[in-house]
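The following exercises are to be worked through with the sequence and the coordinates at hand. Each task is followed by a solution in steps.

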Amino acid sequence: MLSLHAHRDQWLGNIRGDVLAGLVVALALIPEAIAFSIIAGVDPKIGLYASFSIAVIVAITGGRPGMISAATAATAVLMVTLVRDHGLQYLLAATVLAGLLQIGAGLIKLGYVMRFVSRSVMTGFVNALAILIFMAQLPELIGVPWLTYVMVAAGLGIIYLFPLITKAVPSPLVCIIVLTAIAMYFGFDLRTVGDMGELPSTLPVFLIPRIPFSLETLLIILPYSAGVAAVGLLESLMTATIVDDLTDTPSDKNQECIGQGIANMATGFIGGMAGCAMIGQSMINVKSGGSGRLSTFCAGIVLLFMIVVLGQWVKQIPMAALVAIMIMVSIGTFSWSSIKNLRSHPRSSSVVMLATVACVVVTHNLAIGVLVGVLLSGIFFAWKIAQLFRVTSTLSVDGGSRAYVVEGQVFFASADDFTASFDFKEALEKVTIDVSQAHIWDISSVAALDMVVLKFRREGADVQLVGLNEASETIVDRLAIHDKPGALERLMGH
């Protein structure tokens with residue numbers, strides 16, 4: 001638990017920096033929240049309400065001060081099919097359930113699972129997310145008037161060139177203002193945010209999703225909720241790790257799981273979609289001077305003020321401006337150095353990264369891609385460790401005994417090599433197996449050790465096992481059978 005002083009410092013330790021950073025982030029959140037709503041196939045107000053709610057609640061309940069959470073593309077892309085097939089109310093229900101699952105994950109300490117996600121998986125995750133964001137823009141770029149392409153190109157030009165003049169104002173916001181002004185002044189016939197649905201003009205209110213409360217409904221929303229919960233936590237915890245490094249401060253990953261869950265659950269009850277931490281916005285916040293919970297809180301409050309009070313202006317934004325911003329997000333999210341590193345990084349790392357990307361792009365499910373990446377990382381790691389193993393032996397002068405020295409890790413991947421390293425047909429009176437430079441890890445390695453000892457005894461040799469470290473001795477004493485009555489008969493009976 002945080003002390004009162006530490007908690008107060010997270011809120012009031014950087015008031016000026018947090019407030020200014022929160023204002024900048026709020027301005028940059030508007031176009032992304034709208035764009036992510038459109039990706040999910042819902043009215044812009046769904047994403048805007050969600051960004052307000054998630055930011056404010058996570059500021060209070062989260063475990064990583066200074067990190068920005070809101071509606072994101074990572075969760076929006078998972079909801080497309082649900083919205084299309086079942087409608088908005090099911091999305092709200094899935095958001096509430098996803099929040100509950102995340103709270104449960106935090107309570108059982110799943111935040112520690114992040115230590116098993118390798119850098120290659122994280123890179124693949126980020127690259128796949130970038131590809132999905134870009135693919136989501138294609139409907140707005142196919143079969144549209146040529147003027148749309150001109151506006152998108154102009155928007156990208158503003159986004160990338162304006163920071164050369166000043167970085168005081170986010171260039172995506174400048175892109176929106178300029179393109180909207182041009183479109184309105186010249187009367188361009190372009191799709192606008194207003195064409196996608198009504199923006200909110202009032203504060204959000206509490207509501208219960210209007211769906212049948214039945215097992216059938218649960219089975220419909222559970223797969224989506226599980227995917228959103230997993231992806232949301234993965235992106236949030238990875239972003240928290242990045243912010244930890246940037247600020248040189250620790251965070252509570254399990255509390256972040258609970259905080260994200262509370263935020264998503266509450267958001268579903270006010271008509272918002274699920275969200276999670278945002279890598280890009282968190283970077284903007286930190287680089288703008290934000291480091292405390294107040295920056296995230298201010299971002300949410302200012303966002304709500306702008307959409308409720310200035311909504312008539314927001315709905316005039318041309319879709320071309322949002323497409324330009326999302327292309328920028330896609331380009332900025334993708335790890336371009338990972339392509340260059342394919343030649344220099346270990347082949348196993350490159351395979352893990354590419355497999356993660358491929359699985360996500362094919363399934364449109366970030367959780368599946370990360371799961372495949374983690375499994376491959378584990379397999380490659382086990383294979384590599386299994387190679388760091390050998391058995392050497394020395395025959396006595398009289399030829400009556402042999403001493404085997406085992407080095408390395410004995411576990412399921414190296415158990416067969418361990419067994420194959422002994423010559424059971426050699427006529428010996430005594431065999432010494434020295435494992436002082438080895439470690440016995442699991443039931444497979446204990447079974448292999450039993451097999452070796454019992455086979456030598458079957459051939460009439462006296463076997464002595466020496467050098468067990470404390471951990472190896474514990475598992476051998478508990479699971480091994482070679483010193484138990486009838487062990488040799490059981491082996492021969494096999």
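**Exercise 1: Glutamate 426 and its partners**

Glutamate 426 is found in the loop between α18 and β5, where helices (H or I, at least four residues) and strands (E, at least two) are DSSP runs, numbered from the N terminus. The model is a predicted one, in which local features need pLDDT of at least 70 and side-chain atom pairs count only at pLDDT 80 or more, while totals for chains, interfaces and linings use all residues. Residues are numbered from 1 along each chain as its sequence is written, and side-chain values use heavy atoms, with hydrogens and water left out.

Task: Identify the residue with which glutamate 426 forms a salt bridge, and determine which parts of the chain the pair ties together.

Solution.
1. A salt bridge is a side-chain nitrogen of Lys or Arg within 4 Å of a carboxyl oxygen of Asp or Glu. By this criterion glutamate 426 pairs with arginine 402, the closest N and O atoms lying 2.8 Å apart.
2. Arginine 402 belongs to strand β4 (residues 401–410), whereas glutamate 426 sits in the loop between α18 (415–420) and β5 (430–440), so the pair ties together parts that are 24 residues apart in sequence.
3. Both arginine 402 and glutamate 426 are buried; buried means under 20% relative accessible area, exposed over 50%, and partly exposed in between (1.4 Å probe, protein chains only).
4. Contact means heavy atoms within 4.5 Å. Apart from neighbours within four places in sequence, glutamate 426 is in contact with Leu395, Arg402 and Tyr404.

**Exercise 2: Two further salt bridges**

Task: Determine whether the partners are buried or exposed in the salt bridge of aspartate 244 with lysine 253, and do likewise for arginine 84 and aspartate 85.

Solution.
1. The structure holds eight salt bridges. One of them links aspartate 244 to lysine 253, with the closest N and O atoms 2.8 Å apart, and both of these residues are buried.
2. Another joins arginine 84 to aspartate 85, with the closest N and O atoms 3.4 Å apart. Here arginine 84 is exposed, at a relative accessible area of 61%, and aspartate 85 is partly exposed, at 47%.

**Exercise 3: The β3–β4 hairpin**

Task: How do strands β3 and β4 run, and how many bridges join them?

Solution.
1. Two strands pair if DSSP finds at least two bridges between them. Strand β3 (residues 389–395) and β4 run antiparallel and are joined by seven bridges.
2. Within this pairing, serine 393 stands opposite tyrosine 404 in β4.
3. The two strands form a hairpin with five residues between them, and glycine 399 in the turn has a positive phi of about 75°.

**Exercise 4: The faces of helix α20**

Task: Which residues of helix α20 are buried, and which are exposed on the other side?

Solution.
1. In α20 (residues 470–479) the buried residues are Ser472, Ile475 and Val476. Seen down the axis of α20, they fall within an arc of 100°, so they line one face of the helix; the arc is that of the directions from the helix axis to the C-beta atoms.
2. These buried residues pack against β5 and α19 (443–458).
3. On the other side of α20, Glu470, Asp477 and Arg478 are exposed.

**Exercise 5: Cysteines**

Task: How many disulfides does the structure hold?

Solution.
1. A disulfide is a pair of cysteine sulfur atoms within 2.5 Å, and the structure holds zero.
2. The sulfur of cysteine 276 has its closest cysteine sulfur in cysteine 257, 12 Å away, too far for a bond.
3. Cysteine 276 counts as buried at 0% relative accessibility.
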